[in-house]
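Reader: Could you take me through the aromatic rings of this protein, one pair at a time? I'd love a close look at how they sit together.

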Amino acid sequence: MSLREKILIVDDEPHNVQILRIFLNSLNYSIHTAECGSEALRLYDEIRPDLILLDVMMPDMSGFDVCKQWMSREEFDTPVIFLSANVQKKDILQGLQLGAFDYLTKPYDLDLLEMKVSYALGQKQKLERLMSDKEKLSERANTDALTGLYNRMYLNEVLLESSVSLADYGAMLMIDMDNFKYINDTFGHLVGDQVLQAIASIIQKAISPENDLAFRFGGDEFLVLLQQEQGAMETAQEIIRTVNELAIGSLVEQRAKASVSIGITKSSDHYSFEQIIGFADRALLRSKQSGKNQITIY
C-alpha cells in the first residue's frame, strides 16, 4: 500500500481549515495544518508536504511573503495553490508570478479544488520521475559499464570542470593489471572482463566510499584518489593481496593467477593534474620493470 500524499493547509480561519480537512481526508490525503505563516515555515521542514494550500491574508505574515521564502530555497519543489478571498486581478497575478501552481478564490468550488489538487500532485510526480530519470542517465554517463567505477570522462569533470581539486586528496594510486593481454589471449575476453570486474570490486572495498574516488582509467588501468595520504600504502597492499587471492574459474583450472602493479604519488597544489598522473605513471612503470605485482612510491 502506497503512502498517502501529504497536504499542508495554511489558514488562520478554523472554519475554512475544518472544511478542507474533512473534504481532503475523504479523498485519502494526509492532512497537516498551520494557523500562520511562521508555523507553516516550521512545519514544512518537519513534514515535507507534497502540496501546500496557502491562504493570502494571515495575522503574522502574508501568504505571499511565506511563498517568497519557500521559493527562495534552491531545493524547494512543492506546488503551492493560493486560496484567497482576494479576487482582484493584481493579487492573482502576484501569486502566480511568485511561482504558485494556481490561485483559487474563496468561496471555492470543492469539485474544482479536487481537480486542481489532483492535477498539481500529478505534475509533481511527473517532475520527480523526470528528475529521477535524469539522475540515472547522469550516473550512467559517468560510470564505466563493465566495472561500475567512475569513467575517464567523469574524472575530467571532477578535476578539471568543477570546484573539486587535487588539494582535496592526499594521494593518487595508479593500478594496472599484470599480463592482461596474456589472460585475454589464453582464456578469452569473457574471463578478462570477469577479472577486471573482480579487481574493480576489490578496489571499491579497499577504499572509503564516502571520501575516496575510484576510476577505470583505461582498458586494464585504474586510478584511485585517496583523501588521506597516510593510509595509501596499506590500501595498495590490501589491493595487491586480495587480487592475488582471486579465484576466477578458468584461471584456477589452469593454475594461473591475476596480479596488479601499483604506483603511488602524493597530491600537491604545486603540480597540475596531468603532472600528478605523470608521477603516478612513473611509479607504476617502476613496479612493472621491477618484476610486477608490487608497489612503488614516487
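Author: Happy to; here is a walk through the aromatic rings.

This is a predicted model, in which local features need pLDDT of at least 70 and side-chain atom pairs count only at pLDDT 80 or more, while totals for chains, interfaces and linings use all residues. Residues are numbered from 1 along each chain as its sequence is written, and side-chain values use heavy atoms, with hydrogens and water left out.

Searching the whole structure gives 11 aromatic pairs. Here, rings of Phe, Tyr and Trp (its six-membered ring) pair if their centres lie within 6.5 Å; planes under 30 degrees apart count as stacked, over 60 as edge-to-face and the rest as tilted. One of the pairs joins Trp-70 and Phe-76, which are stacked, with 5.9 Å centre to centre and 5° between the planes. Trp-70 is buried because its relative accessible area is 0%, and Phe-76 is buried at 11%. For these labels, buried means under 20% relative accessible area, exposed over 50%, and partly exposed in between (1.4 Å probe, protein chains only). Together with Tyr-44, Trp-70 and Phe-76 form one aromatic cluster.

Now to another pair: Tyr-150 and Tyr-154 are tilted, at 4.4 Å centre to centre with 40° between the planes. Tyr-150 counts as partly exposed because its relative accessibility is 31%, and Tyr-154 is partly exposed at 21%.

One more ring is worth a visit: Arg-152 lies over the face of Phe-217, 3.8 Å from the ring centre. A charge sits over a ring if NZ of Lys or CZ of Arg is within 6 Å of the ring centre and within 35 degrees of the ring normal.
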